[in-house]
Amino acid sequence: MVLLREELGDVLRSARRARGSTLRDISARASVSLGYLSEIERGEKEASSELVASICQALDLPMSVVFTEIAHRADRAERASAPVALPVATRDETVVSAA
């Protein structure tokens with residue numbers, strides 16, 4: 001099962017690291033406590049849309065890019081866990097009427 005908070009945290013952490021920023025840098029720019037930002041990145045806390053917008057702004061990253069990446073990850077996870085349809089042999093059964 002894909003959890004939005006976990007995928008969001010992974011995407012935000014990857015973006016922060018790719019920019020060479022620390023949790024302290026982003027927490028200061030986004031006006032969120034360092035501990036809370038860390039919990040969001042670890043997928044332990046749900047972030048409000050306002051907070052996500054603030055974090056994205058601190059990362060200089062459009063929210064649309066974040067949500068597009070989350071959608072791609074969810075799609076991959078769903079495809080990987082989707083049941084595989086197997087062919088099922090059927091028999092032709094004839095119904096006999098008692099008329």
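**Entry 1: Ser 31**

I began with Ser 31, which is exposed at a relative accessible area of 68%, bearing in mind that this is a predicted model. I found Ser 31 in the loop between H2 and H3, and I noted that H2 is followed by this residue. Its phi is near 55°, a positive value in a residue other than glycine.

**Entry 2: Asp 60**

I then turned to Asp 60, which has a positive phi of about 55° although it is not a glycine. I located Asp 60 in the loop between H4 and H5, and with a relative accessibility of 67% I recorded it as exposed, since exposed means over 50%.

**Entry 3: the chain overall**

I stepped back to the whole protein and counted five helices and zero strands, so that the order of elements from the N terminus reads α-α-α-α-α. Of the 99 residues, I noted that 28% are buried. For the exposed surface I wrote down about 7100 Å², with 53% of that area supplied by carbon and sulfur atoms. When I looked at contacts between residues at least 6 apart in sequence, 61% of them turned out to join residues at least 24 apart.

**Entry 4: helix H2**

Which residues of H2 are buried? In this helix, which spans residues 23-30, I listed Ile 26, Ser 27 and Ala 30 as buried. They lie on the same side of H2, because the arc they cover around the axis is only 100°. On the face turned away from that buried side I found the exposed residues Arg 24, Ala 28 and Arg 29. I also asked what covers the buried residues of H2, and the cover includes helix H1 (4-18), helix H3 (34-41) and helix H4 (49-59).

**Entry 5: the largest nonpolar core**

In soluble globular proteins, nonpolar side chains tend to be buried together. With that in mind I looked up the largest nonpolar core, which has 18 residues, and noted that Leu 8, Leu 12, Ile 26, Ile 55, Leu 59 and Val 66 touch the most other members. Two or more residues of this core come from each of H1, H2, H3, H4 and helix H5 (63-81), and the largest share, six residues, is given by H4. I followed Leu 8 further and, leaving aside its neighbours within four places in sequence, found it in contact with Ala 47, Val 52, Val 66 and Ile 70.

**Entry 6: H4 against H5**

How do the axes of H4 and H5 cross? I noted that they come within 9 Å of each other and cross at roughly 110°, which means that H4 is roughly perpendicular to H5. On the H4 side the contact is made by Ser 49, Val 52, Ala 53 and Cys 56, and on the H5 side by Met 63, Val 66 and Phe 67. Two of these names had come up before: Val 66 in the core, and Val 52 among the contacts of Leu 8.

**Entry 7: Glu 44**

I closed with Glu 44, which lies in the loop between H3 and H4 and which I recorded as partly exposed, with a relative accessible area of 47%. Not counting residues up to four places away in sequence, Glu 44 touches Arg 5 and Glu 39. I checked the pair with Arg 5 separately: the two residues are 39 residues apart along the chain, yet their C-alpha atoms are separated by 7.3 Å.

Note on methods:
Residues are numbered from 1 along each chain as its sequence is written. This is a predicted model: local features need pLDDT of at least 70, side-chain atom pairs count only at pLDDT 80 or more; totals for chains, interfaces and linings use all residues. Side-chain values use heavy atoms; hydrogens and water are left out. Buried means under 20% relative accessible area, exposed over 50%, partly exposed in between (1.4 Å probe, protein chains only). Helices (H or I, at least four residues) and strands (E, at least two) are DSSP runs, numbered from the N terminus. The arc is that of the directions from the helix axis to the C-beta atoms. Contact means heavy atoms within 4.5 Å. Accessible areas come from the Shrake-Rupley method with a 1.4 Å probe; for residues, only the protein chains shown count as cover. A nonpolar core is a set of buried Ala, Val, Leu, Ile, Met, Phe, Trp, Tyr and Cys residues joined through side-chain atoms within 4.5 Å. Axes are lines fitted to C-alpha atoms, for helices over the stretch in contact, and angles run from 0 to 180 degrees between N-to-C directions. Angles under 35 degrees count as roughly parallel, over 145 as roughly antiparallel, 65 to 115 as roughly perpendicular and the rest as oblique.
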